[in-house]
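User: I am new to reading structures and would like a close look at one residue, followed by its surroundings. Please explain each term when it comes up.

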Amino acid sequence: MFIPVLKRFVREGSLRIVDAAGRSHAVGDGTTPCATIRLTSKRLEYTLIFNPSLSIGEAFMEGTLRVEDGTLYDFLDVAARNFDNAARLPWLADIERIGR
């Protein structure tokens with residue numbers, strides 16, 4: 001569920017996500033900034049959808065979200081460059097509100 005959301009959200013930059021099952025997914029347009037993250041928990045994939053602003057920091061500190069290629073700054077740069085895309089997907093705000 002998390003990967004399809006990212007595919008609609010990330011339009012600028014390149015983000016590769018390795019999910020808890022070890023599958024690799026690429027999102028974005030392939031330009032810089034580039035980062036690869038690994039999600040080590042299936043549960044994390046759901047918590048990132050419902051409350052990403054809290055879950056990203058918690059998961060990074062707990063080690064269930066690891067940056068494998070690039071830096072944490074690169075990952076956050078991709079997210080920040082695509083932040084306005086969330087406004088084009090109003091149902092994302094509804095999901096986050098339900099998660100809270």
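Does valine 10 count as buried or exposed, and at what relative accessibility?

Analyst: Valine 10 counts as buried, because its relative accessibility is 4% (buried means under 20% relative accessible area, exposed over 50%, and partly exposed in between, with a 1.4 Å probe and protein chains only). This is a predicted model, in which local features need pLDDT of at least 70 and side-chain atom pairs count only at pLDDT 80 or more, while totals for chains, interfaces and linings use all residues. Residues are numbered from 1 along each chain as its sequence is written, and side-chain values use heavy atoms, leaving out hydrogens and water.

To place this residue, begin with the whole chain. The protein chain contains five helices and four strands (these are DSSP runs numbered from the N terminus, with helices marked H or I and at least four residues long, and strands marked E and at least two). If you follow the sequence from its beginning, the elements come in the pattern α-β-β-β-α-α-β-α-α. The protein chain has 100 residues, of which 35% count as buried, and valine 10 is itself a buried residue. Where in this pattern does valine 10 lie? Its place is the loop that runs between helix H1, residues 2-9, and strand E1, residues 14-18.

The partners of valine 10 come from elsewhere in the sequence. Once neighbours within four places in sequence are set aside, valine 10 is in contact with Val27, Gly28, Val78 and Asn82 (contact means heavy atoms within 4.5 Å). Asparagine 82 shows how far apart in sequence such partners can be, since 72 residues separate it from valine 10, although the two C-alpha atoms are 5.6 Å apart in space. For the protein chain as a whole, when contacts between residues at least 6 apart in sequence are considered, 49% of them join residues at least 24 apart.

Arginine 8 is also worth a look, and it is found in helix H1. Arginine 8 is partly exposed, because its relative accessible area is 44%, whereas valine 10 is buried at 4%. From arginine 8 to glycine 28 there are 20 residues along the sequence and 9.0 Å in space, taken from C-alpha to C-alpha, and glycine 28 is one of the contacts of valine 10.

Moving along the chain, the loop between strand E2, residues 24-28, and strand E3, residues 34-39, holds proline 33. Threonine 32 and proline 33 are joined by a cis peptide bond, for which omega is about 0°. As background, most peptide bonds are trans.

Glutamate 68 belongs to strand E4, which covers residues 65-69. Glutamate 68 is partly exposed, because its relative accessible area is 41%. If residues up to four places away in sequence are not counted, glutamate 68 touches Val18, Thr36 and Arg38. For the last of these, arginine 38, the separation from glutamate 68 is 30 residues in sequence and 6.8 Å in space, C-alpha to C-alpha.

The final part of this tour is a pair of helices, H2 with residues 42-50 and H3 with residues 52-62, whose axes come within 6 Å and cross at roughly 140°. Such axes are lines fitted to C-alpha atoms, for helices over the stretch in contact, with angles from 0 to 180 degrees between N-to-C directions. H2 and H3 are therefore oblique to each other (under 35 degrees is roughly parallel, over 145 roughly antiparallel, 65 to 115 roughly perpendicular, and the rest oblique). On the side of H2, the residues that meet H3 are Leu44, Thr47, Leu48, Ile49 and Phe50, and they are met in H3 by Pro52, Ser55, Ile56 and Ala59. Serine 55, which lies in helix H3, counts as buried because its relative accessibility is 7%. Leaving out residues up to four places away in sequence, serine 55 touches Thr47 and Leu48.
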